[in-house]
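I am opening my notebook on this structure, and I will write down what I looked up, one topic at a time.

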Amino acid sequence: MMFTLVRTERFEQEIKKSRFLAQAAPADSEESARRFIAEAGMPDAGHNCWALRVGDVYRFSDDGEPGGTAGRPILQAIEGQEMDRVAVVVSRWFGGILLGAGGLVRAYGGTAASCLKVAAREPIVAYATLSVACGFADEARIRSHLGGFPGTRVETTGFTADGVQLQVTLPRDRSDAFTRLVTDISRGQAVVERAEE
């Protein structure tokens, strides 16, 4: 199961006199992730390195640090925490002691991972939308059984001479069970179709 953040989080630490500040935020698109990255960068920091992951899209930047020592370790921290739909910026203020490539990898990756560990998170739930055409009497019975399907939303989208058209949005892993329930309640009369996703 993958997780995203509930809200923006910050974590700061000092490593060999360099100050590292990680800021992480939920992002529902690459555009919103890039907006956060642009806003979170600290103008007085020597480097504002970042990574984002939104579904299959991932990007990262070393922002002037040696290649592979900052952005990729931040991305690995995101993936290591089983996070998605997340952007992380780690700002560094140089303290006068060189950390070396390995030290930079540990500092950037570790600061990002620590930030994500303390952040409030929530599971990412995939939803399916179903169209249900059923009789008026069946509608009431279907709605009365929705308690067994937490997180489900139902809208009446239209009426026909014989009944009602519903749009049902529910966790994808429960859609087959819901379809079986509707079939049982309506004795096979209701029509359930998966909407385009």
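**Aromatic pairs**

I looked for paired rings and noted that the structure holds three aromatic pairs, where rings of Phe, Tyr and Trp (its six-membered ring) pair if their centres lie within 6.5 Å, and planes under 30 degrees apart count as stacked, over 60 as edge-to-face and the rest as tilted. Before going on, I noted that this is a predicted model, in which local features need pLDDT of at least 70 and side-chain atom pairs count only at pLDDT 80 or more, while totals for chains, interfaces and linings use all residues. I also noted that residues are numbered from 1 along each chain as its sequence is written, and that side-chain values use heavy atoms, with hydrogens and water left out.

One of the pairs is Phe20 with Tyr108, whose ring centres are 5.2 Å apart with planes at 90°, so I entered this pair as edge-to-face. Phe20 belongs to strand S3 (residues 18-26) and Tyr108 to helix H3 (residues 100-118), so the pair ties together parts that are 88 residues apart in sequence; helices (H or I, at least four residues) and strands (E, at least two) are DSSP runs, numbered from the N terminus. Both Phe20 and Tyr108 are buried, where buried means under 20% relative accessible area, exposed over 50%, and partly exposed in between (1.4 Å probe, protein chains only).

Another pair is Phe136 with Phe159, with ring centres 6.5 Å apart and planes at 25°, so this pair is stacked. Since Phe136 lies in helix H4 and Phe159 in strand S9 (residues 153-159), the pair ties together parts that are 23 residues apart in sequence. I found Phe136 partly exposed, at 44% relative accessibility, and Phe159 exposed, at 61%.

**Positive phi**

I then turned to the backbone, remembering that most residues other than glycine have a negative phi. Asp63, however, has a phi near 40°, a positive value in a residue other than glycine. Asp63 sits in the loop between strand S5 (57-61) and helix H2 (71-80), and with a relative accessible area of 36% Asp63 is partly exposed.

Arg187 also has a positive phi, near 55°, and is found in the loop between H5 and strand S11 (191-194). At 61% relative accessibility, Arg187 counts as exposed.

**Two helices**

Last, I looked up how helix H4 (residues 136-144) and helix H5 (residues 175-185) meet, and noted that they pack at an angle of about 140°, with their axes 10 Å apart; axes are lines fitted to C-alpha atoms, for helices over the stretch in contact, and angles run from 0 to 180 degrees between N-to-C directions.
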